[in-house]
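These are my notebook entries on a protein structure. I set down each item in the order in which I looked it up.

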Amino acid sequence: MVLLIALGVLLSIVALYCVYSKWKFQYWARKGVPQLNPRLFFGDTLPLAKGQALSEFHLNLYRKFKSAGAKCVGIYNAHMPELLPIDINLLKDIIVKDYPHFSSHGVFYHDKNVLTPHLFNIEGQAWKDRRTKLTPVFTSAKMKQMFDTVASKSPGLIRLVGLSADANKPVDIKEALSRFTTDVISGAAFGLDCKSLYEPDNMFRSIGKEAFLPSAIKLYIEYLFPRQFLGNIGYQTFSSRIVTYFSKVVNETIQYREKNNVQRNDFMQLMLQLKKHGSLVKENGTVDVKKTGSIITNKEILSESFLMFLAGHETSSSTSTFVLFALAQHPDIQEKLRSEINEVLVKHDGKLCYDALMEMEYLDKVVRETLRKYPVVPVIPRRCTKDYKIKDSNIVIEKGTRLYLPVIGIHLDPEFYPDPERFDPERFTPENKATRPDIAWMPFGDGPRQCLGMRFGLLQSKIAISSLLCEFSFTLNKAVKPPYIADAGTLVYQFKQDLLLDATRIK
């Protein structure tokens with residue numbers, strides 16, 4: 001009898017769950033928004049649970065519903081309703097015009113996770129204050145000051161690629177460029193010479209690898225559960241090894257510089273100026289009278305340094321990797337770019353300097369076309385922070401709803417880029433750019449939450465590419481064959497297979 005009662009209770013729970021799920025999975029349909037056919041437990045995310053990459057999942061959604069003329073599509077992460085905007089005008093409203101309704105990325109951070117409350121993650125007034133403080137750190141003038149710090153690492157990169165070229169062995173170009181950007185960031189952010197280009201297993205490089213290990217489960221947990229709940233139960237995004245080591249490096253760097261009055265052209269120095277004065281120090285030694293707000297704290301320096309380390313080395317190395325991957329398949333474009341680099345360098349006595357790099361217009365087009373076809377962050381998360389009615393419709397996006405901005409869908413849309421799979425830097429001539437909406441190219445986002453480190457990321461990539469193309473020509477190794485499948489479990493776009501290139505010295 002007891003068993004029958006227990007079985008009846010269990011069946012009742014299952015039935016109620018099914019009824020609840022059916023009602024919940026009609027949320028978007030009730031609002032008049034097109035949607036998929038969600039399944040129990042997973043909603044629409046079963047393909048992601050099976051290992052499909054975020055980039056592929058959202059690209060497929062974008063193409064399917066764009067062809068049907070939909071402005072947006074509703075999806076379900078388990079039972080949580082989420083939205084994928086498709087219409088370019090709606091995207092512009094969300095990102096730029098009506099930004100105050102969507103001012104949050106909606107990703108996990110918590111004060112107990114000391115590495116997570118950084119500029120990309122935080123929101124509200126805290127984000128506004130932090131953005132105001134840090135904006136002066138990333139001006140063109142500051143990038144020019146740091147040029148030599150970045151360029152000083154290029155001989156090590158050339159040496160590393162040369163070892164493979166001289167041995168007639170393929171170079172794992174992503175690995176080489178990751179080691180380069182790790183050295184750049186350790187120098188530019190902390191004034192440290194970590195020598196990843198010479199010692200591939202050093203701690204900085206090891207930390208970078210571990211922090212970016214793909215983890216679909218981690219992403220799912222952080223998107224499914226409220227951040228306050230995760231923080232209060234002690235959930236940690238990164239291992240204690242990463243937190244302990246990185247905190248030690250940053251805190252010791254701060255203490256050493258303050259005690260010894262160390263002055264360097266790097267990000268740490270600029271943040272210490274903000275900490276001491278609330279503004280930056282001019283080249284003549286005077287403090288800028290334009291205050292950035294309250295001073296920056298050691299905790300903020302720690303989290304922002306970690307963001308700089310993660311975003312600065314991984315996104316730039318991925319961008320440079322895809323540039324060389326594309327050039328290896330298009331020798332005519334590679335040669336045209338090499339010719340421009342050499343011609344510009346002649347004007348500057350053969351020296352790669354900031355002004356020379358800024359003159360390389362074709363290099364800029366190549367990098368932009370690469371970021372179009374291979375956007376390093378293919379999907380940008382956002383969260384609705386107050387109810388928003390979509391223009392010319394009765395659809396209201398409710399506060400708390402997560403959205404995904406389909407960067408890769410826009411970038412591969414033939415409406416904006418005819419024959420989108422073709423690699424063509426001429427898409428970025430002034431004339432061609434004028435034929436499409438500005439927002440049709442947004443690898444760094446757009447609007448008030450556009451990536452603040454964009455200039456530095458582009459600087460790293462352009463220095464690496466121009467330095468290597470002066471010394472080597474590149475072709476795809478025979479082991480690298482399509483299909484090129486995106487890796488799952490990470491927000492950064494990269495392929496599962498290693499990108500091996502054959503490098504040949506230019507005589």
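**Entry 1. Lysine 64.** I looked up lysine 64 and noted that its relative accessible area is 52%. Exposed means over 50%, so I recorded lysine 64 as exposed. The model I am reading is a predicted one. Lysine 64 belongs to helix α4, which covers residues 54-67. I then took the separation of two C-alpha atoms, those of lysine 64 and glycine 445, and found 23 Å. Along the chain, these two residues are 381 residues apart.

**Entry 2. Leucine 197.** Is leucine 197 buried or exposed? I found a relative accessible area of 2%, so leucine 197 is buried. I placed this residue in the loop between α9 (173-190) and α10. Its C-alpha atom and that of phenylalanine 180 are separated by 6.1 Å, and the two residues are 17 residues apart along the chain.

**Entry 3. Cysteine 451.** I consulted the UniProt record, an unreviewed entry, which lists Cys451 under "binding site". An annotation of this kind may be inferred rather than shown by experiment. In the model, I found cysteine 451 in the loop between α20 (430-433) and α21 (454-471). Its relative accessibility is 37%, and I therefore noted it as partly exposed.

**Entry 4. Aromatic pairs.** A pair of aromatic rings is described by the distance of the centres and the angle of the planes. How many aromatic pairs are there? I recorded a count of 26. I examined the pair of phenylalanine 204 and tyrosine 245, whose centres are 5.9 Å apart with 80° between the planes, and entered it as edge-to-face. Phenylalanine 204 is in helix α10 (residues 203-211), whereas tyrosine 245 is in helix α13 (residues 240-260). The pair therefore ties together parts that are 41 residues apart in sequence. I also compared the accessibility of the partners: phenylalanine 204 is buried at 4%, whereas tyrosine 245 is partly exposed at 22%.

I next examined phenylalanine 325 and tyrosine 484. Their ring centres are 5.1 Å apart and the planes stand at 85°, so I entered this pair as edge-to-face. Phenylalanine 325 is part of helix α15 (residues 298-329), while tyrosine 484 is in the loop between β8 (472-476) and β9 (500-505). The parts that this pair ties together are 159 residues apart in sequence. Phenylalanine 325 has a relative accessibility of 1% and counts as buried; tyrosine 484, with 26%, is partly exposed.

I also noted one aromatic cluster, formed by Phe204, Phe238, Tyr245, Phe246, Phe306 and Phe309. Phenylalanine 204 and tyrosine 245, the edge-to-face pair noted above, are among its members.

**Entry 5. Charges over rings.** Which ring does the charged end of arginine 227 sit over? I found the ring of tyrosine 109, with a distance of 4.0 Å from the ring centre. I recorded arginine 436 over the face of phenylalanine 428, at 4.8 Å from the ring centre.

**Entry 6. Cavities.** Rolling a probe the size of a water molecule over the atoms shows where empty space is left. I found 2 cavities of 30 Å³ or more in the structure. I chose the second largest cavity, which has a volume of about 40 Å³. Its lining includes Ala53, Leu54, Ser55 and Pro378. Also among the lining residues are Ala486, Asp487 and Tyr493. I entered the lining by type as 7 nonpolar, 3 polar and 1 charged.

**Entry 7. Backbone angles.** Most residues other than glycine have a negative phi, and most peptide bonds are trans. I therefore looked for exceptions to this general pattern. The peptide bond from proline 482 to proline 483 is cis, with omega near 5°. I located proline 483 in the loop between β8 and β9.

Alanine 78 has a positive phi, near 60°, and is a residue other than glycine. I found it in the loop between β1 (72-77) and β2 (80-85). Alanine 78 is buried, at 10% relative accessible area.

Aspartate 392 is not a glycine either, and its phi is positive, at about 60°. I placed aspartate 392 in the loop between β5 (388-389) and β6 (396-397). Its relative accessibility is 78%, and I therefore noted aspartate 392 as exposed.

Notes. Residues numbered from 1 in each chain as written. Predicted model: local features only at pLDDT ≥ 70, side-chain atom pairs only at ≥ 80, totals over all residues. Heavy atoms only, no water. Helix = DSSP H or I, 4+ residues; strand = E, 2+ residues; numbered from the N terminus. Buried < 20%, exposed > 50% of the residue type's maximum accessible area, 1.4 Å probe, protein only. Phe/Tyr/Trp six-rings, centres within 6.5 Å; stacked < 30°, edge-to-face > 60°. Lys NZ or Arg CZ within 6 Å of the ring centre and 35° of its normal. 1 Å grid on protein atoms, 1.4 Å probe; cavity = no way out; pocket = protein on both sides within 12 Å on 5 of 7 lines; lining within 4 Å. Points joined across faces, edges and corners; volume = space filled by probe spheres on them. Nonpolar A, V, L, I, M, F, W, Y, C, P; charged D, E, K, R; others polar.
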